[in-house]
Amino acid sequence: MAWRMLRRKDFHTGLVNLAFRRDDGAKKHFSNETIGKLARFYRSDMANHAANCKPSNHFSIRNFHAGVYMLAWSQKREDVVGLKAPKREKRVKRENRTQPPVEAPYIAPKPKTASKSLPDKTVEIFDGMTLIDLSKRTGAYISTLQGILADLGEKVESEFDSISIDLAELIAMELGVNTRRMHTGEGTNEPRPAVVTVMGHVDHGKTSLLDALRQTSVAAKEAGGITQHIGAFVVEMPSGASITFLDTPGHAAFSAMRARGAAVTDIVVLVVAADDGVMPQTLEAMSHAKAANVPVVVAINKCDKSGADPERVRIQLGSEGLLLEDMGGDVQVVEISAVAKSGLDKLEEALLLQAEMMDLKARIDGPAQAFVVEARVDRGRGPLATAIVKSGTLVSGQHIVVGAEWGRIRSLRDTAGNTTESAKPAMPVEIEGLRGLPMAGDDVVVVDSEERARMLSQGRKKKQEKDRLRKIDQGMKDELEIKEDIPERVEMPIIVKADVQGSVQAVTDALRSLNSAQVFVNVIHVGVGPISEHDIDLAQACGAYIVGFNIRSPPIAITQAAARGNIKVLLHKVIYHLLEEMGKAIVEKAPGTAETQVSGEAEVLNIFELKGRSKSKGPDIKIAGCRITDGHFSKSGTMRLLRSGDVVFEGPCASLKREKQDAETIEKGNDCGLVIQDCDDFQVGDIIQCLEQVIRKPKFISTQSGSVRIEC
Ligand code: GDP
């Protein structure tokens with residue numbers, strides 16, 4: 001007769017009632033000790049064993065705790081219930097649940113790129129350092145440094161011998177390490193003029209201010225108002241003190257120079273238009289100056305305009321954290337008009353005062369350390385670089401390395417165009433005699449000989465090329481990683497053809513200077529000689545522009561092929577004209593940035609109320625009876641309600657009427673009735689601004705000195 005096990009769990013107590021019952025209805029209970037045995041027997045042949053146990057007809061149920069026993073039961077683990085000593089099992093590594101199943105395709109985790117998080121290594125080098133010093137700074141073995149020295153053809157007896165700063169740079173470049181030249185503070189430090197950069201929002205009058213200041217410069221006085229534009233000018237005060245102004249307004253030049261280690265600016269003039277107030281690029285300029293730890297002098301411009309409100313600008317600047325003098329801070333504010341040329345003397349005085357407070361001094365004697373602020377190619381005189389000396393004295397005839405270019409100074413010219421024998425700190429000079437075109441921000445280094453200049457230039461070019469390739473590589477990786485974060489940037493492929501190799505290089509460099517955040521100027525092919533069929537094919541395949549400099553007009557067949565392929569061919573003999581045309585094409589191609597602009601301003605003259613409307617038709621409505629005092633109002637615009645210069649409300653236009661007729665736009669000088677959605681807080685005398693979304697294209701900026709750039 002077979003026995004069956006009965007289990008029933010009591011959910012209140014967690015105990016399990018266990019019993020065995022025979023087919024004829026008889027039940028049997030077991031002691032706790034035997035339960036474990038039963039587990040084993042039950043697994044093998046429980047029923048038969050139990051049958052041999054001579055069960056009595058005694059009827060009983062035993063209770064035991066479900067937890068451990070039932071676990072043992074279900075897992076068939078005798079050891080738990082005391083039948084066997086626990087057997088040590090081999091430790092098995094827990095399966096990683098996040099791993100994909102075997103049949104799922106394996107996607108390798110993205111490697112973290114070291115170069116992204118680690119900044120490029122820059123070491124400080126100085127004249128007279130030893131190989132041990134260099135080894136410590138670069139982390140390279142002395143034997144490696146000695147190997148590089150041997151390759152360079154230089155011999156150093158021991159690692160304790162001092163080496164020149166140029167040699168140290170050459171070794172560092174071979175190692176792929178950036179260098180920062182440290183100059184000994186030997187020699188007397190003497191007071192020097194301040195170097196000033198003008199920054200501010202687009203159209204706030206930076207260029208106009210520089211033009212006005214330039215007319216008061218030494219050069220203008222000497223040349224009867226006609227100035228030589230070389231990227232910087234000097235204004236001399238009646239006291240004999242002078243100020244050097246950098247002639248390239250805007251943040252791009254400032255930050256590009258700073259990024260290249262050229263901290264030439266001592267003071268920033270922050271231009272804010274009195275009729276427009278603080279705008280995004282004003283804030284940007286403030287953060288640039290703050291990051292560079294350069295003090296700011298505020299010039300509130302356009303004070304001649306009827307809508308000028310300098311007080312509002314002061315309040316805005318104060319609320320942006322600029323501690324203005326009037327508010328107990330130390331930032332000077334001057335009200336000016338670049339067009340009416342008023343307040344310029346006050347601005348110059350403020351700058352002198354700021355410079356005095358800074359106690360600007362520099363070493364006068366010894367080799368010069370200078371930075372390029374502008375560079376251009378002159379057809380007659382070759383590459384020209386305007387540099388500002390930081391310390392030491394630059395002397396005509398010296399061998400120099402400028403960025404990756406080198407040369408011997410054939411002549412130095414001051415801002416008035418006069419040749420000079422030497423240039424002292426803060427003095428801008430135009431250097432003639434370079435072999436290639438350097439870039440703004442490049443450092444000017446004086447070296448002993450032509451051979452050393454050539455070597456250093458070659459070394460720097462090699463390093464630049466390595467860095468360029470590394471950046472492209474990194475850029476491609478980054479592009480894959482953060483594709484969606486990249487702002488819209490269109491490409492402008494260009495093929496450059498010119499008469500000689502030198503022009504090809506100069507045109508290519510100049511075109512690349514038109515690179516901007518919105519348009520990537522990609523010179524895909526260069527060559528010497530006339531435009532060929534191959535150039536046309538390539539241009540068609542890539543949608544490229546063909547730029548011809550100083551070459552003869554292509555034969556008719558080529559011109560026709562270009563016309564058929566809709567290829568733009570630009571032929572020029574003056575590099576500036578070429579850049580101007582390309583600049584315009586780039587601006588046209590740029591996607592632009594969406595910006596909110598004040599399209600019009602109106603004054604509230606009267607308030608009307610539409611009362612007694614039923615619930616279903618909506619609540620009472622307040623209508624502002626306004627006169628448009630500036631620009632135009634559109635129904636699609638957003639309305640901003642201002643009271644005493646503060647924004648009280650901003651919302652979409654619910655209704656715009658002129659003489660009780662709905663209107664889409666209303667021009668300046670007209671009266672209108674205006675309802676702003678959800679706004680019933682009008683007061684007579686309030687100002688309402690109409691804000692419109694506009695696409696702002698970048699600006700092609702050209703200075704009279706011939707330098708150009710695209711400002712986004
Ligand atoms: P930038 O973009 O900051 O260099 O600004 P610009 O110097 O090109 O000036 C933009 C516009 O503002 C030009 O039309 C100037 O004539 C005008 N502007 C500049 N300064 C003044 C000023 O003091 N008063 C007036 N009324 N207009 C000015």
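# Reading the ligand shell and the salt bridges

Guide: Let's start with the ligand: its shell holds three nonpolar, seven polar and six charged residues. Here Ala, Val, Leu, Ile, Met, Phe, Trp, Tyr, Cys and Pro count as nonpolar, Asp, Glu, Lys and Arg as charged, and the others, Gly among them, as polar. A caution: this is a predicted model, where local features need pLDDT of at least 70 and side-chain atom pairs pLDDT 80 or more, while totals for chains, interfaces and linings use all residues. Residues are numbered from 1 along each chain as its sequence is written, and side-chain values use heavy atoms, with hydrogens and water left out.

Visitor: How many residues surround the ligand, and which are the closest?

Guide: A residue is near a molecule if one of its heavy atoms lies within 4 Å of it. In this model 16 residues surround the ligand, and the closest are Asp203, Thr207, Ser208, Asp304 and Ala338.

Visitor: Which helix gives the most to that shell?

Guide: Helices are DSSP runs of H or I with at least four residues, strands are E runs of at least two, and both are numbered from the N terminus. Helix α7 (residues 206-214) gives the most, with three residues.

Visitor: What do the backbone contacts look like around lysine 206?

Guide: Look for polar contacts: pairs of N or O atoms within 3.5 Å; within protein, one must be able to donate a hydrogen and the other to accept it, and residues adjacent in sequence count only if both atoms are side-chain atoms. A polar backbone atom of lysine 206 sits 2.9 Å from a ligand oxygen. For aspartate 203, a backbone N or O atom is 2.8 Å from an oxygen atom of the ligand, and for histidine 204 that distance is 3.3 Å.

Visitor: Now the salt bridges: how many are there in the whole structure?

Guide: A salt bridge puts a side-chain nitrogen of Lys or Arg within 4 Å of a carboxyl oxygen of Asp or Glu. The search finds 28.

Visitor: Are arginine 192 and aspartate 266 buried or exposed?

Guide: Buried means under 20% relative accessible area, exposed over 50%, and partly exposed in between (1.4 Å probe, protein chains only). Arginine 192 and aspartate 266 are both buried, and their side chains form a salt bridge at 2.8 Å, N to O. The two are 74 residues apart, linking distant parts of the chain.

Visitor: Where does arginine 314 fit in?

Guide: Arginine 314 pairs with glutamate 335, closest N and O atoms 2.8 Å apart. The arginine lies in helix α11 (residues 310-319) and the glutamate in strand β15 (residues 333-335). Arginine 314 counts as buried because its relative accessibility is 8%, whereas glutamate 335, at 38%, is partly exposed.
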